[in-house]
Amino acid sequence: DFRRLLQQARAHSGSLSGLLASDLGIYVVALVSPLVFGIIKGSVGAIAVELLLAVTRFADSKFTFIGRVPGTQVYDELDVPGSQAEPVPHVSIVRVEGARWFGNVLHTSRMARRQPQFADVKALVLDWRMVNFLDETAVAHYRRRWTEPDGVRSWVTNTSTSVRRQLQDSGLIELRQQGGDTLVDLHAAVLEAEEFVRTTH
């Protein structure tokens with residue numbers, strides 16, 4: 001089990017904070033703290049550290065840039081061995097992982113926009129197939145971001161029923177003037193983004 005946890009931590013942690021926030025890091029803290037500080041103080045300390053590590057894990061900015069396989073409607077990760085996908089000109093397709101909440105939404109957006117793949121982007125397609133919830137802070141962030149005149153038009157796609165309901169109730173769908181197949185079909189959203197780029201730039 002220890003070997004599996006170590007391999008898992010190495011595979012999914014690109015930094016020291018990520019390694020500490022892995023399952024292995026949490027187990028090590030829970031084991032070592034009582035031995036070093038005593039049962040009571042160590043246990044209390046371990047609980048506090050584990051809560052901080054859990055927040056670090058949930059606040060981690062996990063996103064992937066997606067491209068399209070030429071001549072198809074197939075989308076895959078960019079710059080991954082075995083992937084045949086290529087970037088869509090002037091359109092950035094970003095797949096984010098997990099619920100959008102106050103602990104990660106702003107950090108994820110900033111980190112994604114700092115990546116080289118975001119250079120010369122005129123349209124942004126957010127693949128939310130792995131997003132199952134938006135808290136009020138995330139809704140406020142997207143409302144503010146999507147009304148800023150930065151020249152980049154955004155689409156959300158692959159949304160679940162619960163997320164679409166949140167977008168509808170919060171007025172974000174009306175704000176983006178987005179609807180139809182683009183909310184559930186990645187290819188339809190990308191085609192609309194490409195059309196936006198052709199007609200406005």
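## Helix 6

At the start of helix 6, the backbone nitrogen of Thr 137 has a side-chain oxygen of Asp 135 within 3.2 Å of it. This contact, like everything else described here, belongs to a predicted model, and the account below should be read with that in mind. Helix 6 covers residues 136-147, and its 12 residues should span 16 Å at 1.5 Å a residue, a value with which the 17 Å between its end C-alpha atoms agrees.

The buried residues of this helix are Ala 138, Val 139, His 141, Tyr 142 and Trp 146. Seen down the axis of helix 6, these buried residues fall within an arc of 160°, so they line one face of the helix. The cover over them includes three helices, namely helix 5 (105-113), helix 7 (161-170) and helix 8 (172-176), together with two strands, strand 4 (123-130) and strand 5 (153-157).

## The chain as a whole

Stepping back from helix 6, the chain contains nine helices and five strands, and when it is read along the sequence these elements follow the pattern α-α-α-α-β-β-β-α-β-α-β-α-α-α. Of its 201 residues, 40% count as buried, while the chain exposes about 11,800 Å², of which carbon and sulfur atoms supply 57%. Among the contacts in the chain with a separation of 6 or more, 70% are accounted for by residues 24 or more positions apart.

## Strand 1 and its partners

Strand 1, which takes in residues 63-68, is mostly covered, since six of its six residues are buried. Phe 63, Phe 65 and Gly 67 point one way from the strand, whereas Thr 64, Ile 66 and Arg 68 point the other way, and the residues of both groups are buried. In a regular strand the side chains alternate between the two faces of the sheet.

Strand 1 has pairings with two other strands. It runs antiparallel to strand 3 (residues 91-97), to which four bridges join it, and in this pairing Phe 63 stands opposite Val 96 of strand 3. Strand 1 also runs antiparallel to strand 2 (residues 75-77), here with three bridges, and the bridge partner of Arg 68 in strand 2 is Tyr 75. Strand 1 and strand 2 form a hairpin with six residues between them, and in the turn Gly 71 has a positive phi of about 80°.

## Strand 3 and strand 4

Strand 3 is largely enclosed by the rest of the structure, because six of its seven residues are buried. Besides its antiparallel pairing with strand 1, strand 3 pairs with strand 4 in the parallel sense, over six bridges. Within strand 4, Leu 126 is the residue that stands opposite Val 94. Strand 4 has already appeared in this report as part of what covers the buried residues of helix 6.

## Three residues and their surroundings

Glu 194 has its place in helix 9, which covers residues 186-200. With a relative accessible area of 15%, Glu 194 counts as buried, because that value is under 20%. A polar contact of 2.8 Å joins its side chain to the side chain of Arg 68, the residue of strand 1 whose bridge partner is Tyr 75. Not counting residues up to four places away in sequence, Glu 194 touches Arg 68, Val 88 and Val 91.

Ala 85 is found in the loop between strand 2 and strand 3, and with a relative accessible area of 13% it is buried. The C-alpha atoms of Ala 85 and Val 69 are separated by 4.1 Å, although these residues are 16 residues apart along the chain. Once residues up to four places away in sequence are set aside, Ala 85 touches Gly 67, Arg 68, Val 69, Asp 76, Glu 77 and Leu 78. Arg 68 is thus touched by Ala 85 and is also touched by Glu 194.

Gln 166 lies in helix 7, one of the elements that help to cover helix 6. At 21% relative accessibility Gln 166 counts as partly exposed, because buried residues must be under 20%. Gln 166 and Leu 134 are 32 residues apart in sequence, but their C-alpha atoms are 7.4 Å apart in space. Leaving aside neighbours within four places in sequence, Gln 166 is in contact with Phe 133 and Leu 134.

Methods. Residues numbered from 1 in each chain as written. Heavy atoms only, no water. Expected span 1.5 Å × (residues − 1). Buried < 20%, exposed > 50% of the residue type's maximum accessible area, 1.4 Å probe, protein only. Arc of directions from axis to C-beta. Contact = heavy atoms within 4.5 Å. Polar contact = N/O pair within 3.5 Å; in protein donor to acceptor, adjacent residues only side chain to side chain. Pairing = 2+ DSSP bridges. Areas by Shrake-Rupley, 256 points an atom, 1.4 Å probe, with all protein chains shown as cover.
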